[in-house]
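Subject: Structure handover and findings

Dear colleague,

Please find below the structure that I am handing over to you. My findings follow after it, arranged by topic.

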Amino acid sequence: MPKRPSRKGPRKAVLEDTLLMTAVTRYFKLAGVVSAVWFVGYFKFSVSWLWLLLVVYIWKERHTKERQYKTAISQQLSTDEKSVILARVEDLPSWVHFPDVERAEWVNKILYQLWPYIGEYVEIILRENVEPAIRSSLPAAFQSFKFSKIDLGDIPPRVGGVKVYSQVKRDEIYMDLEVNYSSDSNIAVSVKGINAGLKDLRLHGILRIVFKPLINSMPLIGGIQVFFLNNPELNFDLTSLANAFDLPGLSDILHSIIQEQIANFMVLPNRYPLQLIQSIDINKLRYPLPQGVIRVKILEAKDLKKADIGFTGKGKSDPYVVIRVGAKEVKTKVISNTVTPVWNQTFEMIVDAADGQLLYLDVFDEDPGSKDDDLGRVNMDLSKLRENSFADEWLPLEEVNQGMIHVQLTWLWLANDPLELDRVLEQNKEVDDSHVGLLLVFLDSARNLPSKRGKKSLQEPSPQATISVGQQKFDSAIKYNTIEPKWEENYRFLLRNPNYQNLEIELKDSKTKKVIGGKVIKLKELLDAEDMILDQKFHIKTSETDSYLQMRLCLRILTPTANPEWTDDQEEDDLLNTKKTEEIKQNGSSVDDQQLEKVPDTANGTASKPSNNGAVDSKPVKPVVEGDIVPVVSDTQESGMRLRKSTSGTGSHGVGRIQMTFRYSHQKQKLYIVIHKCSNLKPAQGDSKNLADPYVKLYLLPEKSSASKKRTKIMKDNLNPVFDETFDYSVSVQELVKRTLEVSVKNEVGMFSSSETMLGKVRINLASLDVSKAITEWFDLSPENEPKSESFESVV
């Protein structure tokens, strides 16, 4: 087929001719209008004729523009129908664009009816709670601070759409609201007779409401968390003295300050918690564990827009990239005079809610002394990155005609296994600017700080805490005139090697700038702590002997390896089991005498071990909740489990044993199986070293297909291999009782090897599995020609 000839040349010529004719036509039109005015004046006609001609001219212009607009739309529709339609509906609410977002007119009707009462309630809160708190935190010269006017107006916020997530844990509800608030509000403050304020606040963003934990007593919800997933769009008008800021440059500074204050209050990782029952710890609602960390490597860009064009028509840019996740923002270095910059910089950003949060990459051209030019942007859904774990892509920049950026993205999970640290440190040897751990610090309060005796009375300090790890440093709020400050603030540090890093806390009196006291904590202590958490009093060095800080420290290892055993639901467990915890405190123990006689049972939260006198000691362990996977069993637990079976270490058939954990998740409708290890396997016949290269193969019978087959890695030259690998099968509870798990331990052999392949086998009847708890068991392997079926009752 002959190639269609290019029409770029003729089209360009036609366009130039059209522009020229338009200019000529407009010139003669204006000349005609001027001539008509002169003509009317010269011949002394009535001015009414001039008004009539003006009306006709305006009507003709409007009619012509409307016709031209329709013609242009028709032409664009014929070439790119989708883009034209989307461009005309971009300002419609989210339920128009997304099928999983529902309309919320009933919510808007309720808000409209409640708005006058909400306005009165907010005014009471601001005057009775916020105003005194602000006044107490200000220096004495500004103690006259007050809200001179609080009026939220008559226009309530409007909810454009509602999305409720279904793939969440069974004890929580996630709901996203598209909030559009274009108000007629007017709020003013006064300090020393000087008034300033803002009005007509306009805000647009996605507000998430989390109901957790769900409980089995009224009000059915233990607490609520409210926060914005990303920085909302914000605009407002200034009043009184604040009008002085409504100038180019100053206005941008003021907007960024207010945006930052909103982010510090209600944009992730910050949340606004509501406590609905007294037994729920509100701080655990405010500061839950993040979901993970993303490692963002900005490699390079190409074909960027030339923002700085010189007299010769040629130009380049001075590009840099701004990376944003929630309220956190970092930027790369500036590469001067290029449209193909190479950065090769790595950043790590903490992710609190992958579902709904976006990673923003904004490319700018640096212009010192003026506003930086926009070179394009791109955003990515973090939930997809979490599913794929890794991405290495060239991404086209949006809102510009050209430009691409090359990025590498890695999702890092949070592991509570100290052994994972060594593996991560080894993997990161060749990764520049990488971190291996995340430290979460909750600074609760201080007690018994020293006070200074003045001339007439004791002078209490105004303490401020400075918390640092290496070059990362945070300052707490100042608590004025108290020896028992209560901060309740949360800080997060990325760590390079917790074996050698320290957490340093220094307390200063903000009035005198003198040091009150301090504390240095070696982070390697957390590696030996239970669940890598220390929640306790830390004594500090001051002039008083009993001064201390109350803090909670939590360490997590950053690993690209996903493992269900590291799904840390400790915060949720504490919330769900609050009532049970109170009962334990009252009764002294949650374990009865019969349970103490049993061997370790991770489902009811106790582990047992024989003491020196033959008695059994009870040791609390982390309770297992729905959907959790039991962690790798410790030596103490392992020794306890061996008491449950009277067989020898080689098993009843003398070919070895295998240890596995079974856990069923009702929420996900999945059976999780952890292959821990084998012990005392028989050497493979024909092996030159009298050893074996074992691996484990699973089939969920009666299916023996590739979909049902699971297989561990191979352990070379080992008769006591440790696998610690997790597999899962999607199967309903009704179907599970009909299934049997076939477990085969095999020896990997070469193509021409004469060694045997089967080392042992066992079939496990899953009808006997207690799906309400996690079970870890040892199973005896049997020879291939003597297959043996076992149930969970038979191994106890």
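Which residue of E23 does Ser-468 stand opposite? The partner is Lys-473. Please bear in mind throughout that this is a predicted model.

Sheet around E23

Strand E22, which covers residues 463–469, runs antiparallel to E23, and four bridges join the two. Both belong to an open sheet of four strands, ordered E23-E22-E25-E26, with antiparallel pairing. E23 and strand E26 (515–522) are the edge strands, each of them pairing on one side only. From one strand to the next, the twist averages 15°. As general background, strands of a sheet pair through backbone hydrogen bonds, in either a parallel or an antiparallel manner.

Aromatic pairs

A pair of aromatic rings is described by two quantities, the distance of the centres and the angle of the planes. With ring centres required to lie within 6.5 Å, the count comes to six aromatic pairs. One of them is formed by Phe-474 and Phe-493, with 5.2 Å centre to centre and 70° between the planes. This pair is edge-to-face because its angle is over 60 degrees. Phe-474 lies in strand E23 (residues 472–475) and Phe-493 in strand E24 (residues 486–495), so the pair ties together parts that are 19 residues apart in sequence.

Are the two partners buried or exposed? Phe-474 has 33% relative accessibility and therefore counts as partly exposed. Phe-493 has 0% relative accessibility and therefore counts as buried.

Another edge-to-face pair consists of Phe-662 and Phe-779, at 6.1 Å centre to centre and with 75° between the planes. This pair links distant parts of the chain: Phe-662 is in strand E31 (residues 657–665) and Phe-779 is in strand E38 (residues 775–780), 117 residues apart. Phe-662 and Phe-779 are both buried.

As for clustering, Phe-474 and Phe-493 join Tyr-491 in one aromatic cluster.

Charges over rings

Which residues place a charge over the face of Trp-394 and of Tyr-695? Over the face of Trp-394 lies Lys-302, at 4.6 Å from the ring centre. Over the face of Tyr-695 lies Arg-711, at 3.9 Å from the ring centre.

In brief, Phe-474 is a useful place to begin reading, as Phe-474 lies in strand E23 and is part of the aromatic cluster with Tyr-491 and Phe-493.

With kind regards

Note on methods:
Residues numbered from 1 in each chain as written. Predicted model: local features only at pLDDT ≥ 70, side-chain atom pairs only at ≥ 80, totals over all residues. Heavy atoms only, no water. Phe/Tyr/Trp six-rings, centres within 6.5 Å; stacked < 30°, edge-to-face > 60°. Buried < 20%, exposed > 50% of the residue type's maximum accessible area, 1.4 Å probe, protein only. Lys NZ or Arg CZ within 6 Å of the ring centre and 35° of its normal. Pairing = 2+ DSSP bridges. Axes fitted to C-alpha atoms, helices over the stretch in contact; angles between N-to-C directions.
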